[in-house]
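Please find below my notes on this model, set out as numbered points for someone meeting it for the first time. They begin with the aromatic rings and then move outward to the rest of the chain.

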Amino acid sequence: MARRAGPPSIDGLYSLKVDNISYHTTSHDLRRMFDRYGEIGDIHIPRDRHTRTSRGFAFVRFYNRKDAEYAMHKNDGRLVDGREIRVSMARYERPIDERGGRRERDDRHDDRRRSDRYDDRRDRERRERNRRWSSLFFPLSHVG
């Protein structure tokens with residue numbers, strides 16, 4: 001079985017985030033819309049992990065910052081597939097799970113919850129043990 005290649009490298013590219021796109025908008029549609037403003041390095045439409053449908057936003061990445069800014073100004077507020085899109089410079093780099101690695105989690109929060117469950121289970125076991133020992137010394141017919 002062939003191993004799936006990871007996402008393309010976006011180092012050195014300038015990313016625009018395109019919000020409020022239709023679930024039917026394709027990367028081809030976005031390329032046709034943004035290609036006139038400069039050379040595009042990558043277009044990414046994040047999809048739901050289970051249904052594989054669009055999540056309603058996309059990233060268009062340009063090689064040149066001025067091209068990206070020009071495309072942003074020309075397309076922000078434009079109607080596409082009956083929806084007014086919002087275009088802005090992307091603020092963050094690609095999430096870890098889309099770079100091929102594991103998504104980082106807030107371990108402190110997970111450990112606290114795991115610890116709480118462990119404490120609850122330990123308390124239940126202790127109470128059960130005490131009941132068993134109590135029943136050896138104090139038969140249930142005498143406990144009132």
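1. In this predicted model, Tyr70 is partly exposed, with a relative accessible area of 45%. Its ring is worth examining together with that of Tyr37, a residue that is buried because its relative accessible area, 12%, falls under the 20% cut-off. By the rule used here there are three aromatic pairs, and Tyr37 and Tyr70 form one of them, an edge-to-face arrangement with 5.4 Å between the centres and 75° between the planes. Tyr37 belongs to the loop between α1 (27-34) and β2 (40-44), whereas Tyr70 sits in helix α2 (residues 65-75), so the pair ties together parts that are 33 residues apart in sequence.

2. Another aromatic pair joins Phe57 and Phe59, again edge-to-face, with the centres 5.8 Å apart and an angle of 90° between the planes. Both of these phenylalanines are buried. Phe57 has a further partner in Lys17, which lies over the face of the ring at 4.9 Å from its centre.

3. Which residues of the largest nonpolar core touch the most other members? They are Leu16, Phe34 and Phe62, in a core that comprises 19 residues. Two or more residues of this core come from each of the elements β1 (14-19), α1, β2, β3 (57-62) and α2. Phe62 shows how such contacts reach across the chain: leaving out residues up to four places away in sequence, Phe62 touches a list of residues that includes Leu13, Leu16, Phe34, Tyr37, Ile40, Ala68 and Ala71. Tyr37, the buried member of the tyrosine pair discussed above, is thus also a contact of Phe62.

4. The loop between β3 and α2 deserves a separate look, and Tyr63 is found there. With a relative accessibility of 46%, Tyr63 counts as partly exposed. The C-alpha atoms of Tyr63 and Leu13 are separated by 4.9 Å, although these residues are 50 positions apart along the chain. Beyond its neighbours up to four places away in sequence, Tyr63 touches Gly12, Leu13 and Tyr14, and also Glu39, Ile40 and Gly41.

5. Asn64 lies in that loop between β3 and α2 as well, and at 35% relative accessibility Asn64 is likewise partly exposed. Leu13 appears here again, since the C-alpha atoms of Asn64 and Leu13 are 7.2 Å apart, with their positions 51 residues apart along the chain. Asn64 also stands 6.7 Å from Tyr14, C-alpha to C-alpha, at a sequence separation of 50 residues.

6. Is Tyr14 buried, partly exposed or exposed? Its relative accessibility is 29%, and Tyr14 therefore counts as partly exposed. Tyr14 is found in strand β1, and, apart from neighbours within four places in sequence, its contacts include Val60, Arg61, Phe62, Tyr63, Asn64 and Met89.

7. Two backbone angles should be checked by anyone reading the model closely. Most residues other than glycine have a negative phi. Arg52, which is not a glycine, has a positive phi of about 65°, and its place is in the loop between β2 and β3. Asp81 has a phi near 55°, also a positive value in a residue other than glycine; Asp81 lies in the loop between β4 (79-80) and β5 (83-84) and is partly exposed, with a relative accessible area of 47%.

8. As for the chain as a whole, it has three helices and six strands, which follow one another along the sequence in the pattern β-α-β-β-α-β-β-β-α. Among contacts with a separation of 6 or more, 64% are between residues 24 or more positions apart. Of the 144 residues in the chain, 25% are buried, while the exposed area amounts to about 11600 Å², of which carbon and sulfur atoms supply 46%.

9. A last point concerns confidence. The chain has an average pLDDT of 80, and 69% of the residues score at least 70. Over residues 101-108 the pLDDT stays under 50, and for this stretch the model has seven contacts beyond four places in sequence.

How values were computed: Residues are numbered from 1 along each chain as its sequence is written. This is a predicted model: local features need pLDDT of at least 70, side-chain atom pairs count only at pLDDT 80 or more; totals for chains, interfaces and linings use all residues. Side-chain values use heavy atoms; hydrogens and water are left out. Rings of Phe, Tyr and Trp (its six-membered ring) pair if their centres lie within 6.5 Å; planes under 30 degrees apart count as stacked, over 60 as edge-to-face and the rest as tilted. Helices (H or I, at least four residues) and strands (E, at least two) are DSSP runs, numbered from the N terminus. Buried means under 20% relative accessible area, exposed over 50%, partly exposed in between (1.4 Å probe, protein chains only). A charge sits over a ring if NZ of Lys or CZ of Arg is within 6 Å of the ring centre and within 35 degrees of the ring normal. pLDDT is the predictor's confidence in each residue, from 0 to 100. Contact means heavy atoms within 4.5 Å. A nonpolar core is a set of buried Ala, Val, Leu, Ile, Met, Phe, Trp, Tyr and Cys residues joined through side-chain atoms within 4.5 Å. Accessible areas come from the Shrake-Rupley method with a 1.4 Å probe; for residues, only the protein chains shown count as cover.
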